[in-house]
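Reader: I should like to learn how to read a protein model one step at a time. May we work through some questions together?

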Amino acid sequence: MRAISSVAFVAALFIAAALPSAAQEAATENALVRYDTDLLPTEFHENRRDAVREMLPSGAVAVVFSAPTRNRDNDVHFEYRQSSDLYYLTGSTEAATVLVLAPGGVEVDGDVVDEVLFLPPRDPSHEVWEGRLIGPDRAVETLGVAKAVSNERFAEVISEIAENDSIRFYHQQLPSDVDPGSVLGRQIAAFVSAADPVPMETGSWMASRAARGMMGVSDSGMFLRLRGWLPRIPSEDFVSPVLSEARKAFLAAADLEEWLEWREENIDEEYSDGGTLDGILVELRMIKTPDELALMQRAIDITAAAQIEAMRSIEPGMHEYEVEAVIEYVFRKNGSEYPGFPSIVASGENATILHYTTNRRRMQAEDMVVMDIGAEYHGYSADVTRTVPVSGSFSEEQRAIYELVLEAQQAGIEATQAGAPYQAPHEAASGVITAGLVDLGVMTGPEELRRFFMHGTSHYLGMSVHDVGDRGNLQPGTVITVEPGIYIRPSPDVDERWWNIGVRIEDDVLVTEAGPKVMSDAAPRTVKEIEALMSEQGLGNDNRGVVSMAVPVGASILPNSTD
Ligand SMILES: [Mn+2]
């Protein structure tokens, strides 16, 4: 019976494979599956492309590349994430995709269009092994782009566009460390050859940042910071001859004035456009639209729920990674694609390490634990930090430092006013921490502040956790974090009772004309609220009446197979 049915089964398979019905073919052709129903609407991306075209000079052709795939080990890659800029402009999450925006129009296949999206062609083998692709035929409808073409034709089309002498290419820093044999590597090579000379080409991310800094620097504070940093970047990373000369001149300049003179004399407008497209995208992306704020609020609410569940779960003897598991369970449970950055669960001495992500330590009753976490939801990241005592109640010293950071944070939030300088929250928070630490006898004066509070108070938040944005006055529609902290490492000149206390409290604040709006208010932060939550049981506790998921160490769960 078994043999007969499998023969019949194979025969049925063969017939089905040999004779696909027209209906089946049509279904395969049209069925682009997108499970999420709350993605940014195509109108959002269309509207953003319109805005970029309006801001570009006439005759501009802007080229935006997708993020590279990154190898993890052997033949396995890290999970792919689209570049924020390309996602912002198209909604496409596919690698090897290129967007061309041309306010004055370009001719492609006889059509004059103001945009072309190059995307991977549909491929049955790719669909079997890795998943469905949109494909050029469906991109016009699915993504709302005017013209979509297979990415296999990028080199041909871009070189045709380049034949028109009246156009000028605008681009961002080209993705670095790209395998030259990959599709993206070939796209970049084709672009470099069509747009020759591509100004501002660098071989590393650090060099790209430095190049942007050199071309954009306008105050002496930034000039000095960049001067301190630049020698650490190898000169060979500045691939373009223009940049390599600029690096030398920058290091040789006596002061900002001298550098600005050199730049004016030696950097043609032609060479300064490596930053134009970036500048446009920064200006647009820093102000969030209502569609974006809705996604950010969801990411933030999910993150607040994770903080609450972590607070309920934390108890002495638990490992940092168990807390991380609770947090990321809540993220995924609520549809977050991934954390927006590696989750920080830093207990005991690790609480004084700002970006500790090892998360392997076993927590002790006397520890504080810093949880700096953020869910990413449909392209937007939250960033919320809470610090709690592992025992469930604050000691006198922990409480003193905690209340001080909370007071500093409150001052920072109140300083987050439309029109205020970008540094206003930091200055407000720094003032409170300085006075408080002197009062407590931890330090003697403001000159010691950076030793205990060594980071800034704010950064922009959005598609990137450290999002793009200028450092001008705070504008309505931007979201910044307010996150002061105090970190006390063991040291003979500090009373032992303060050692290893590390506290950071971080909220996400929308700047509005009517004042600061704390988007992460759902995550409790007063001592009373935290202690109340910690007395409850959470997802991470094995004794809350459900079957334990713990696998006993040393006891194999596999059948004994010694024979
Ligand atoms: Mn942050």
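Author: The questions below concern a predicted model, and they take up a helix pair, two sheets and one residue in a loop.

Reader: How are helices H17 and H18 oriented to each other?

Author: Two packed helices are described by the angle between their axes and the distance between the axes. The axes of H17 (residues 396–414) and H18 (residues 424–439) come within 7 Å and cross at roughly 155 degrees. Angles over 145 degrees count as roughly antiparallel. The two helices H17 and H18 are therefore roughly antiparallel.

Reader: Which class of residue, nonpolar, polar or charged, has eight members in the contact of H17 with H18?

Author: In H17 the contact includes Leu-404, Ala-408 and Ala-411, and in H18 it includes Ala-428, Val-432 and Ile-433. By class, three residues of this contact are polar and two are charged, while the class with eight members is nonpolar.

Reader: Which strands stand at the edges of the sheet S14-S17-S18?

Author: This open sheet has three strands with antiparallel pairing, in the order S14-S17-S18. An edge strand has a single partner, so one side of it is left without a neighbour in the sheet. The strands in that position are S14 (479–482) and S18 (515–518).

Reader: Which residue of S17 is the bridge partner of Val-482?

Author: S14 and S17 (residues 507–512) run antiparallel and are joined by four bridges. In S17, the bridge partner of Val-482 is Asp-507.

Reader: At what angle to S14 does H17 run?

Author: Helix H17, already met as the partner of H18, also lies across S14, S17 and S18. Its direction relative to S14 is about 160 degrees.

Reader: Which helix packs on the sheet S8-S11-S12?

Author: The three strands S8, S11 and S12 form an open sheet with antiparallel pairing. Within this sheet, S11 (residues 375–377) and S12 pair over two bridges, and Tyr-377 has Tyr-380 in S12 as its bridge partner. The helix in question touches S11 and S12, makes about 150 degrees with the direction of S11, and is H15 (residues 290–313).

Reader: Is Tyr-80 buried, partly exposed or exposed?

Author: Tyr-80 lies in the loop between strand S3 (76–77) and helix H4 (84–90), and it touches Thr-69 and Ala-95. A residue is buried with 20 or more other C-beta atoms within 10 Å and exposed with 12 or fewer. Because Tyr-80 has 14 such atoms within 10 Å, Tyr-80 is partly exposed.

Terms used
Residues numbered from 1 in each chain as written. Predicted model: local features only at pLDDT ≥ 70, side-chain atom pairs only at ≥ 80, totals over all residues. Axes fitted to C-alpha atoms, helices over the stretch in contact; angles between N-to-C directions. Parallel < 35°, antiparallel > 145°, perpendicular 65-115°, else oblique. Contact = placed C-beta atoms within 7 Å. Nonpolar A, V, L, I, M, F, W, Y, C, P; charged D, E, K, R; others polar. Pairing = 2+ DSSP bridges. Lists of a residue's contacts leave out its neighbours within four places in sequence.
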